[in-house]
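The following paragraphs are intended to be read with the sequence and the model side by side. They proceed from one region to the next, beginning with a helix and the sheet beside it.

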Amino acid sequence: MPNTNKDNPFAEGTLAKYREVIDNIFQDAGLSYWFYDTETGLFDVSSSVLLQNHYNPAEFTNTTIERWKTYVHPDDVDKAVGTFVQLAERQIDVMDCDYRMRNADGQYIYFRIIGSVSMYNLNGKPLRLAGTMQNINDAKEAEIRLRRRDGLLEAVASCANILVNARTINYGQSIHNVLQVLGSAAGVDRVYIWKNYNDAKTGRLRASQIYEWSPGAEPMQGNVIVQDVDFDEVAPSWRGTLTAGKCVNNIVRLMTKAEQDHLLPQNIISILVAPIIFQDKFWGFIGFDNCRSERIWDESESGILRSVGSMIASTINRHETELVLAEEQQLLDRIIETAPVNIIQSRNGIIERINRKAAEIFHCAPGQPATDIYGSKELRDKVWSIIQKDGIYYNNDFILTPSGGTERRFIAVIFTIGTADSGGTGERAIGWFVDVTDMRKTEANLIKAKNDADIATRAKSDFLARMSHEIRTPMNAVLGLIYLCLQTELTDKQRDYLVKTQTAANNLLGIINDILDFSKIEAGKIELERIAFRLSDVLSELRDVIEFTAKEKGLKLEITVSPGVVDNLIGDPLRLRQILLNLLSNAVKFTLDGSVIVTVKDIPQDEEKHQDLYKLEFLVTDTGIGLTEEQMKHIFDSFAQADTSTVRKYGGTGLGLSIVKRLVELMDGQISVESEAGKGATFRFTAYFIRTAAQTDESSAVLLYRRRVLVVDDENDTREVIVELVKTLNLQADAAASGSEALEKLALATRYGNPYELVLMDWRMPRMDGIETIRQIHKQDSIITPPHIVMISAYDRQDCVQQTQGLNVAGVLVKPVKINDLKQLLKTAFRILKQQNVAPVQEIKTDIKGAKVLLAEDNKINQLVASELLKTYGIEFTIANNGREAVEAVKAKDFDLILMDVQMPEMDGLTATQTIRQLSKPGIARLPILAMTANALDTDYQKSLDVGMNDHLTKPIDPAKLRLALEKWIKR
C-alpha cells in the first residue's frame, strides 16, 4: 500500500497495525491482497501468499510493473498486463485473471488475480486498483490433467477409427496420422514407434525406430542413433520395465548416464515410453518426448497411452501380413502364368483361369466349359468318377488330343476344392498337365541308347576278359619258361639275353596290368579284399623284386619300419604291394645315383570314422630327377607323364600313379608328393588296416617240402609252366587238363592212400569250370578228404574272389603266375594244413610192355613228350606227322593202339580215323584209336566217338591218365 502519511507518525503506526491485522486475516484465508497506484506505477502485495510460495515479500513491496512482469510466465505476460490495462482504463469493472508466476524455487505457480478500482480522482479516473491474489496451482493442474486426459481419450478413439480403416495403400499415412493425433493431444514435441527384434548372431534384444511425428523437435527418423539399438547397452532397466507392461516416465536429468548419453543428443528433456504388448509378447514401444520443458505424466495418462500401443501393433502386423500375402499372391500368380506346366482352374465346370502355356496347347480361354479339355464325354466321366471316389486323379500317361492338334501325352493331376459332382462340376477344380510327349520320345531313345550302351559295355567287358585271358595265358608260358630256363646251366650271353627278355616281358605285363586295372577302376569294379597278411612279407617280396634292379644301377635300397608298427594285419596285401611296387619302380627308374628309401610308421588315430582301424603311413623317398611345381599338379592324372622327354627316355603309360591314387583312396587314405626339380622326390600315402593276432612263423621248407599238389588247367603250356614252378618249390606236382580229369585223379590218389593236399584250379575251363569242379569235389564220396583249393585265373581277380565266396577257397592267383606270388600263396595255404606222413603211391602192375603204338602227332614238342612217356612204359612206337602218314602206317604195319591227334595238317585226326575204319584190313574195326586234343568240350568228345574213336585224352597229356588208358585199351 502506498505510504501517504509520512509526516504523521501516529497515523503511520495505526496503519501498520491495521495492515498486520489484514495480513493475518488474508493469510488465514490463503489470500494476499494487492494495491496498484496508477500515478506512481507501484505495486504493493501482502506477504501471506508470497511467503507460502517461497517469495521474498520485500521484492513485491512498492515494485514496478516492469519488475512484476519478470515473474510472470512469458506465455501469460500479455494476458496479465492486458487485464490491468483494461481495468485501469475502465474497460472492465472487475478483473478476474489466471496466470503463472515463477516462485523463488524457479517453478511456475498458477495464481488467480481478482481486483477492481478502489479510488477515483475528481475526473473519475482510477487512482488505485486493489484486489486479492490466490494460489490455485493444484486446482489448475487437476483441471489441466483432466482436460489432457479427456483429450487423450478422444485421441485414442480417433486413432482406433483411423487404424480400423487403414488399408495397405495408405497404411504409412494412417500410422503418421495416429502419431499426429496422439502427439497433439498429449502436447509433446515428438512421438515415435520402435519395433523389437532378436539379433540372430548374439541373441540379444535390439530395436529400431520405424515411425515418427515431430512438430516441435528435430526429426530423428533415419538417424543412426535410433536404429539397431541394443537395449542392454543403452537402457538396461527399460527392458524389464516395459516387458512387465509398465511405462518409463522420467526427466532425463534424473536418469542414468547411459540413458542420458542416448537421449540428450536427441534434445529430450523428459520422456514417456509406453510398451506395445502384442500377442503376449513385448513387440516394441511408443515414445513421447518433451524437448522444451520437464514433465512427469500421471498414471491415468500413461495408462491411456499404453492402450493405444496394442492397436498400433495389431495394425502394423496386419499390414505386414497383408504385404506378405500380397507378395505371395503375386509370386503365385507369376509362377502359374510362367510355369512350364499347363495349369487350368475351373469353378462349377467353367474355366476360371488358364495359364499361358495351357491356353496355347488346349486352345481354351476363361469362360469356356472345362470339359472341352478332355475331348470326349467318356474320358471326362472316367476322370470325374475317380475324383469322386479318391478326391484326386493322377495319371502319368494321360493321352489328350487338343482341338486342332495332334495326340499328346501328359502327367495329369486333377483335384477339387469342394465337392465334385458326376457332371464334372464342383466348387473349384484345379488341373496340372505336364506335357511329356517329347520326354516319352526321349525316354524311348534313352532306353534304346542304354540298351546299346549295355550291349557295348558287355562287349567291352567280354573283350577285356578275353584280352586278359588271351594275353595272360601266353605271358604265363613266356615268363614261366624264362624262369625255368634260368634255373638251368646257361652261358653268360644266354643268361643275359634271357634276363633282358624277362625284364621286357615283365614291363609288357606291367603295361597290360595297368590298362586292365584302369579299366576296372573306371568301371567301379575294384573292391579291396580283407584277408590276414604280414606286412613284413609284403616288404620282403618288394625287396626281392626291386633289389636286383637297384643294385644294377648302383642304388642303395633301404626299407625301414618304425618301432612299434604292427606286423600282422587284415587288409588287401596284393593292392598294397601294387601301390608300393609302382612307387618303388618309379623311384628306381628316375634315380641315376644315390638311394631309394621306404619308410613305414604308424599314425595315432583321432578320427571317429576310423577309430577302430590302424593307420599306417608309407614314404618312398629317392634322390632322382625330381619334379617341378607344374609337374606335381598333374602327376596323379590319368595318362600323365612329367613331359614328352621323360616318356621317350623312361617309357610308361602314365597310368601307374593314377591307379595308385585310386587304390589309396579305396583304402580311405591320401597320397601326396613333395619334390623339387633335380633334388629327388618323396611320395607319401596313408592307408587303414585292422590289427590281428600274430601268426605262427614257419619256414618255407617245412611248410612246402614234398607236399602233393594237383594243377588243373585246360591250357597245355600254362599247365606245364605251373607244374614246373611248383616243383621248384620242392613240392610234388601232377596235372589235370579238365575238371572231370581232376575228379578222377583225386579219387585215384585217395584210393591209393596218397591224396593231394592242394589243388591249383583254373577258373574258366570248358565243359566243367573250376567252380563247378570244386562243388563236385565236395560231393564225391570217393574223395574222402577234400584238398585245399587255390583258384588260378587269367580273368579279373576280384570277380574270381566274388564267384568263389562260400566255397572255402584258400586264395586266388592271377596269370601269369609268378614264383614269388605262388610261393607266398602256397605258404599261406599250407599254414592251415597239418603236416601229414602218407605212404607213397603204389606201383601199378601192367602188361603193356612191348606193345606197338602208332603216335600220330604233328607238334614236335608233343611228339617228344609222348615218346618219352611211351619209352618209360616199354612200348614200341611209330611216329606219324599227320593223318595221311597215319593211314599209310596202318596199311603197312599192325599196331595194338593208335594215339591220334585231332588237329593236324594235310589230313586231320577225325578224317584219318574215318579213313582207317574204312580199310579192309583184318581187325581194323577192333583197333583202339584214342583221340589226343586240346579241345576239351563235350561236343569235341562226341565228335571223336562219332568218327570211330574209342576214347578221348585231353592235352597236355597227363602221364597217369595215359597209362590208365593204355592199360584199358591194349589187349594182347
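How far apart should the ends of helix α5, with its 28 residues, be at 1.5 Å a residue? The model examined here is a predicted one. Helix α5 comprises residues 137-164, and at that rise it should span 40 Å. Its end C-alpha atoms are indeed 40 Å apart, so the expected and the computed values agree.

Several residues of this helix are withdrawn from the surface. The buried residues of α5 are Asn 137, Lys 140, Leu 152, Ala 155, Val 156, Cys 159, Ile 162 and Leu 163. The spacing of such positions can be read against a general rule. An α-helix has 3.6 residues a turn, so residues three or four places apart point the same way. The cover over the buried residues of α5 includes the strands β4 (94-102), β5 (108-120) and β6 (126-135), together with the helices α6 (171-186) and α10 (299-338).

The strands just named belong to a sheet. Six strands make up this open sheet, and their order across it is β3-β2-β1-β6-β5-β4, with antiparallel pairing. At its edges lie β3 (61-64) and β4, each of which pairs on one side only. From one strand to the next, the twist averages 30°. At the β4 edge, nine bridges join β4 to its antiparallel neighbour β5. Within this part of the sheet, Met 95 stands opposite Gly 115 of β5. Two helices may then be placed against the sheet. Helix α4, residues 77-88, packs on the sheet and touches β1 (31-37), β2 (42-45), β4, β5 and β6. The direction of α4 makes about 155° with that of β4. Helix α5 also packs on the sheet, where it touches β4, β5 and β6, and its direction makes about 120° with that of β5.

Helix α10, one of the elements that cover α5, contains Ser 302. Is this serine buried or exposed? A residue counts as buried under 20% relative accessible area, and Ser 302, at 4%, is therefore buried. Not counting residues up to four places away in sequence, Ser 302 touches Cys 247 and Leu 272. The C-alpha atom of Ser 302 is separated by 9.2 Å from that of Val 248, although the two residues are 54 residues apart along the chain. A polar atom of the Ser 302 side chain lies 3.0 Å from the backbone oxygen of Glu 299.

Two loop residues merit attention for their backbone angles. Most residues other than glycine have a negative phi, and most peptide bonds are trans. Asn 267, which is not a glycine, nevertheless has a positive phi of about 65°. Asn 267 is located in the loop between α9 (257-263) and β11 (270-278), and its relative accessibility of 41% makes it partly exposed. His 363, likewise not a glycine, has a positive phi of about 55°. The loop that holds His 363 runs between α11 (356-362) and α12 (377-390). With a relative accessible area of 48%, His 363 is partly exposed.

The cysteines raise a separate point. A disulfide is a covalent bond between the sulfur atoms of two cysteines. How many disulfides does a search of the whole structure find? The search finds zero. Among the cysteines, Cys 97 is buried at 4% relative accessibility, and Cys 364 is buried at 8%.

Further along the chain lies strand β22, residues 614-622. Why can β22 be described as largely enclosed by the rest of the structure? The reason is that eight of its nine residues are buried. Strand β21 (residues 595-603) is joined to β22 by eight bridges, and the two run antiparallel. In this pairing, Thr 599 has Leu 619 of β22 as its bridge partner. Strand β24 (residues 681-691) also pairs with β22 in the antiparallel sense, over nine bridges. Here the bridge partner of Lys 615 is Tyr 688 in β24.

The last stop is Asp 762, which is placed in strand β27 (residues 758-762). With a relative accessible area of 3%, Asp 762 is buried. Leaving aside residues up to four places away in sequence, Asp 762 touches Val 712, Asp 713, Asp 714, Gly 770, Met 791, Ile 792, Ser 793 and Lys 815.

Terms used:
Residues numbered from 1 in each chain as written. Predicted model: local features only at pLDDT ≥ 70, side-chain atom pairs only at ≥ 80, totals over all residues. Heavy atoms only, no water. Helix = DSSP H or I, 4+ residues; strand = E, 2+ residues; numbered from the N terminus. Expected span 1.5 Å × (residues − 1). Buried < 20%, exposed > 50% of the residue type's maximum accessible area, 1.4 Å probe, protein only. Contact = heavy atoms within 4.5 Å. Pairing = 2+ DSSP bridges. Axes fitted to C-alpha atoms, helices over the stretch in contact; angles between N-to-C directions. Polar contact = N/O pair within 3.5 Å; in protein donor to acceptor, adjacent residues only side chain to side chain. Disulfide = S-S within 2.5 Å.
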